[in-house]
Amino acid sequence: MPLVTTAELISDAQRAGRAVGAFNVITLEHAEAIAAGAEEAGAPAILQISENAVKFHGGSLAPIAAAAAAVARVSSAQLSLHLDHVVSEDLLRAAHPEGFSSVMFDASKLTYGDNVKATAAAVRWGHERGIYVEAELGKVGGKEGEKPLDAHAPGVRTDPAEAAAYVAETGVDALAVAVGSSHAMTERTATLDHDLIGRLRDAVPVPLVLHGSSGVPDTEIAAAVASGMRKINVGTALNTAFTGAVREWLTANPAAVDPRKYTAPGRDAMAGTVSRFLRVLGS
Ligand SMILES: [Zn+2]
């Protein structure tokens with residue numbers, strides 16, 4: 001079906017007390033697996049392409065974006081396209097023509113004041129084009145020599161009052177918060193601060209986003225959704241599934257050379273991971 005917008009997927013999820021799964025696309029097979037997993041779970045999903053994935057494709061956004069959009073169009077699942085962790089202003093401005101309905105603008109490396117300024121400008125740019133803008137905020141320091149704005153740094157937590165001020169000052173549509181998860185975890189051992197999630201939900205008027213969900217167990221994710229998380233980002237878990245299946249196949253078939261033979265089990269493993277996550281989010 002045609003691409004849907006991230007804004008409508010998140011507002012549908014909000015009304016239903018669910019969360020939307022957002023999965024990172026690196027290769028065409030990731031996009032195909034996300035669509036297959038969403039179809040299997042009977043749930044919508046967000047195909048997200050990060051700035052790092054664009055760098056992997058030689059800095060060109062168009063080919064992988066066009067491929068992901070084409071996968072969405074031939075799928076029976078509701079899928080939207082999201083540009084993730086954008087630092088480059090040039091990449092931000094490239095987003096619109098490729099069918100992206102949302103962008104996560106990442107100014108977390110800047111000081112609080114500069115983060116607010118850059119994010120507010122990104123929001124103005126996005127809203128003029130109907131693009132939904134997500135940003136992130138960790139613990140606000142703002143003092144000299146202190147740089148804890150990154151919501152992904154281990155141990156960092158988002159302060160509810162500062163998050164509310166940040167949303168008011170920037171006008172963002174959704175906010176990624178630091179509540180105990182961190183990126184690139186290959187073991188699912190993270191525990192979340194559920195009391196903090198509840199306080200953030202009460203203080204912040206926009207939907208909350210959980211990054212680094214690959215390292216969070218199902219029970220913790222389900223509880224986070226019940227406390228008000230509305231977008232759950234998953235990247236590493238897909239790669240763990242893909243690489244594990246490919247490695248197993250190649251170990252069993254060391255003389256094989258046809259990439260279709262070993263990529264297929266990798267893609268199937270990712271689809272299984274996607275549908276499993278989506279079931280947790282809808283419970
Ligand atoms: Zn992230």
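User: A residue counts as buried if 20 or more other C-beta atoms lie within 10 Å of its own, and as exposed if 12 or fewer do. In this predicted model, is Asp106 buried or exposed?

Analyst: Asp106 sits in the loop between β4 (102–105) and α6 (112–128), and its surroundings can be judged by counting neighbours. There are 25 other C-beta atoms within 10 Å of Asp106, and the cut-off for the inner class is 20 or more. Asp106 is therefore buried.

User: Which residue does UniProt list together with Asp106 under "binding site"?

Analyst: The record is an unreviewed entry, and its "binding site" annotation joins Asp106 to a residue that lies in strand β5 (residues 132–137). That partner has 27 C-beta neighbours inside 10 Å and so counts as buried, and Asp106 touches it, along with His85, Val86 and Val87, when residues up to four places away in sequence are not counted. The residue that UniProt lists with Asp106 is Glu136.

User: Which three residues does the other "binding site" annotation cover?

Analyst: This annotation also comes from an unreviewed UniProt entry, and its residues cluster in space, with a largest C-alpha distance of 12.0 Å, although they are spread over 127 residues of sequence. One of them is in strand β3 (residues 79–86), and another is in the loop between β7 (208–210) and α9 (218–226). The three residues are His85, His183 and His211.

User: Which residue of the Asp106 and Glu136 annotation is among the contacts of His85?

Analyst: His85 counts as buried because it has 25 C-beta neighbours inside 10 Å. Leaving aside neighbours within four places in sequence, the contacts of His85 include Ser50, Glu51, Asn52 and Met104. From the annotation that lists Asp106 and Glu136, the contact named for His85 is Asp106.

User: How many of the residues in strand β1 (residues 20–24) are buried?

Analyst: The side chains can be followed in two groups, since Val20, Ala22 and Asn24 point one way from β1, whereas Gly21 and Phe23 point the other way. All of these residues are buried, which leaves the strand mostly covered. The count for β1 is 5 of 5.

User: Through which helix does the chain cross from β1 to β2?

Analyst: Strand β1 runs parallel to strand β2 (residues 45–50), with 4 bridges joining them, and Phe23 has Leu47 as its bridge partner in β2. The chain travels from β1 to β2 in a right-handed β-α-β crossover, and the helix on this path spans residues 28–41. That helix is α2.

Definitions and conventions:
Residues numbered from 1 in each chain as written. Predicted model: local features only at pLDDT ≥ 70, side-chain atom pairs only at ≥ 80, totals over all residues. UniProt positions renumbered as here; feature names shortened; annotations may be inferred. Contact = placed C-beta atoms within 7 Å. Pairing = 2+ DSSP bridges. Right-handed = clockwise from strand over helix to strand, strands pointing away.
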